Amino acid sequence: MKSKKRLTNTACHALLAVLSIIWVLPIFYVILTSLRAESGSYKSYIFPKEYTFDNFINLFAGNSVIDFPRWFTNTLVISLCSMVLAAFFTLSVAYVMSRIRFKMRKPFMNVALVLGMFPGFMSMIAVYYILKGMGFLETGTLKQVALVLVYSGGAGLGFYIAKGFFDLIPKSMDEAAYIDGATKWDCFWKVTVPLSKPVITHTLLTAFMGPWVDFIFAKVILGNDIEHYTIAIGLWTMLEKEYVEYYYTQFYAGCILISIPIAILFLLTQKCYVESMSGAVKG
């Protein structure tokens, strides 16, 4: 039995090692290419002949084609605004669905579940013409506002994960707060939210990463307004036929840089994942 268990553990660890290598290889290639001194796109070798940080420096040099600092700033502002609004909408809807009982509650949850199964790009053209009719596509700034509204507007439909977490919080805590004179808002903000750091962290990260990496909808709304591009559109521009030979390595340097905010945000909030409600209710 011990021999069989040892063999099974060895096979599992070997499989996990292979999967880890497969997962790490693309990241390793991105890092090496971002440090490559040789220009041009495809090379027959993986390890560069010369290493340099010029690819990172040139991203911030600024020219008529590449305006990485502006694209980075545009995306950061849009993502942060969308994150705050989307998290508030999601948590509010989740709390209502978890704590309040009303006539159309279950039908609403079923409709939300069905709508969540459809990919967002199916309504992209309709949303575009709605925004155009409302005048949100007149200027670059309004286009960015439109992106924030769309990214955060439908976030409330993704309430199921947060609702499941709220269901685990004893309702006796709300009842005790009501006895002390608290309102439903007080229960939500002062009782439920402090106990829900793990799901709030998940909601914030998800709401941030959506706008941060989105390309399709941002391209539809922003069009050819290069000054107000997001980082995804800007990086794609660097891979166009007329630019790819010159900006290929800088594209990979940009990929490294755009991963930094997500990594920082995760590192700052990772401890919230392991927090629990143990000890919240005593007696």
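Are R99 and D174 buried or exposed? R99 is buried, and D174 is buried too. Keep in mind that this is a predicted model.

**Salt bridges**

That buried pair is a good place to start. R99 and D174 form a salt bridge, with 2.7 Å between the closest N and O atoms. R99 sits in helix α3 (residues 68–99) and D174 in helix α8, so the bridge ties together parts that are 75 residues apart in sequence.

Searching the whole structure turns up four salt bridges. Here are three, including the one just described:

| Salt bridge | Closest N and O atoms |
|---|---|
| R99 and D174 | 2.7 Å |
| D167 and K163 | 2.8 Å |
| R70 and D67 | 3.3 Å |

D167 and K163 are a local affair: they are four residues apart in helix α7, which means about one helical turn separates them. K163 counts as buried because its relative accessible area, 11%, is under 20%. D167, on the other hand, is partly exposed at 39%. As for joined-up bridges, D67, R70 and E227 belong to one network through salt bridges that share partners. Within that network, R70 is partly exposed with a relative accessible area of 35%, and D67 is partly exposed as well, at 28%.

**A nonpolar patch**

Now for the surface. F108, V111, L113, V114, L115, M117, F118, F121, M122, L157 and Y160 make a nonpolar patch of about 1,100 Å². Which helix gives the most to it? That would be helix α4 (residues 105–116), with five residues. V114 is found in helix α4, and its 44% relative accessibility makes it partly exposed.

**Two helices side by side**

Helix α10 (residues 197–213) and helix α13 (residues 244–269) have axes that come within 11 Å and cross at roughly 175°. So α10 runs roughly antiparallel to α13, since the angle is over 145 degrees. On the α10 side, the contact is made by T201, L205, F208, M209 and W212. From α13 come I258, P261, I262, L265, F266 and T269.

**A couple of distances**

I258 also gives a handle on helix α1 (residues 2–34), where I22 is found. I22 and I258 are 236 residues apart in sequence, and their C-alpha atoms are 22 Å apart in space. I22 itself is exposed, at 52% relative accessibility.

L168 is another exposed residue, with a relative accessible area of 60%, and it is found in the loop between α7 (160–167) and α8 (171–179). Its C-alpha atom is separated by 39 Å from that of R6, and the two residues are 162 apart along the chain.

Conventions
Residues are numbered from 1 along each chain as its sequence is written. This is a predicted model: local features need pLDDT of at least 70, side-chain atom pairs count only at pLDDT 80 or more; totals for chains, interfaces and linings use all residues. Side-chain values use heavy atoms; hydrogens and water are left out. Patches are made of residues with over 30% relative accessible area and no salt bridge: like charges are joined within 9 Å, nonpolar side chains (Val, Leu, Ile, Met, Phe, Trp, Tyr) within 5 Å. Accessible areas come from the Shrake-Rupley method with a 1.4 Å probe; for residues, only the protein chains shown count as cover. A salt bridge is a side-chain nitrogen of Lys or Arg within 4 Å of a carboxyl oxygen of Asp or Glu. Buried means under 20% relative accessible area, exposed over 50%, partly exposed in between (1.4 Å probe, protein chains only). Axes are lines fitted to C-alpha atoms, for helices over the stretch in contact, and angles run from 0 to 180 degrees between N-to-C directions. Angles under 35 degrees count as roughly parallel, over 145 as roughly antiparallel, 65 to 115 as roughly perpendicular and the rest as oblique. Contact means heavy atoms within 4.5 Å.
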